[in-house]
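The exercises below ask the reader to work from the sequence and the coordinates towards a reasoned account of selected side chains. Each task is followed by a solution that goes step by step.

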Amino acid sequence: MATVPGIGLGGFSPEQNLGIPKSLILTIHSDRLYSESAYGQRIAREMEGRSAVLMAENRRIEAELRAEELDLAERRATTDPEAFRALAQAFDQKVQETRTTQEAKFVEITTARDEARRAFRQTSIPILEQIMAETGAAAILEQSTVLLSADAIDVTDLAITRIDTILGEGLDAREPDSNQP
């Protein structure tokens, strides 16, 4: 097999063998980029914590409402029907308001998660642009949309390393307040 000057094993330049490919097209696994970066892992921990707090709160509220419902059921036999109807309506309203409040908290967590992911993407763009400049690439494509490609053009690991080095856990990045319940 003849070798071409400046081309290493497998038809790639020596730079590629050191982890920096020279290619007009690169690929990236954006889900891995997010989930395996320190920044994405911090967000995942925070959101899991917020979700756990909400689930515990939901279980506590459910137990309280169940106890209140049982108490109401016991009082039915000894309470005037009109008064009981008013108590039952008040209880139903309380249940509906509680459900609405708890669903809003869930939506808030989901929205915060989505906003944090968008902030990560925006914050990581300059790092990906730098990788493009270093490699001479014209585009970075999502790996999941590429039918077939050489592993050498996948820069996910390189991008994760750079993002971890530059952004760390992303605590200085502009993102939504994730300390809310």
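**Exercise 1. Determine whether glutamate 169 is buried, partly exposed or exposed, and identify the arginine with which glutamate 169 forms a salt bridge.**

Solution. In this predicted model, glutamate 169 has a relative accessible area of 33%; because partly exposed residues fall between the limits of 20% and 50%, glutamate 169 is assigned to that class. The next step is the partner: glutamate 169 forms a salt bridge with arginine 45, and the closest N and O atoms are 3.1 Å apart. Glutamate 169 belongs to the segment after helix H5 (156–167) whereas arginine 45 belongs to helix H3, so the pair ties together parts that are 124 residues apart in sequence. Arginine 45 is itself partly exposed, with a relative accessible area of 46%.

**Exercise 2. Work out where in the chain the partners of the salt bridge between glutamate 46 and arginine 42 lie, and how accessible each one is.**

Solution. The closest N and O atoms of glutamate 46 and arginine 42 are 2.9 Å apart. Both residues lie in helix H3 (residues 38–75), and because they are 4 residues apart there, about one helical turn separates them. As for accessibility, glutamate 46 is partly exposed at 22%, while arginine 42, at 4%, counts as buried.

**Exercise 3. Describe the salt bridge between glutamate 134 and arginine 162, and place its partners in the chain.**

Solution. The side chains of glutamate 134 and arginine 162 meet with an N to O distance of 2.7 Å. Glutamate 134 is in helix H4 and arginine 162 in helix H5, 28 residues apart, and the pair thus links distant parts of the chain. Glutamate 134 is partly exposed, with a relative accessibility of 25%. Elsewhere, Arg32, Glu36 and Asp157 are joined into one network by salt bridges that share partners; a search of the whole structure finds 13 salt bridges.

**Exercise 4. Establish whether glutamine 102 is buried or exposed, and which residues glutamine 102 touches.**

Solution. Glutamine 102, in helix H4 (residues 81–135), has a relative accessibility of 9% and counts as buried. Leaving aside residues up to four places away in sequence, glutamine 102 touches Leu54, Glu57, Asn58 and Ile61. With asparagine 58 there is also a polar contact, side chain to side chain, at 2.5 Å.

**Exercise 5. Assess the confidence of the prediction.**

Solution. The mean pLDDT of the protein is 86, and 84% of its residues reach 70 or more. Over residues 1–17, however, the pLDDT is below 50, although this stretch has 19 contacts in the model beyond near neighbours in sequence. Where pLDDT is low, predicted coordinates should not be read in detail.

How values were computed:
Residues are numbered from 1 along each chain as its sequence is written. This is a predicted model: local features need pLDDT of at least 70, side-chain atom pairs count only at pLDDT 80 or more; totals for chains, interfaces and linings use all residues. Side-chain values use heavy atoms; hydrogens and water are left out. Helices (H or I, at least four residues) and strands (E, at least two) are DSSP runs, numbered from the N terminus. Buried means under 20% relative accessible area, exposed over 50%, partly exposed in between (1.4 Å probe, protein chains only). A polar contact is a pair of N or O atoms within 3.5 Å; within protein, one must be able to donate a hydrogen and the other to accept it, and residues adjacent in sequence count only if both atoms are side-chain atoms. Contact means heavy atoms within 4.5 Å. pLDDT is the predictor's confidence in each residue, from 0 to 100. A salt bridge is a side-chain nitrogen of Lys or Arg within 4 Å of a carboxyl oxygen of Asp or Glu.
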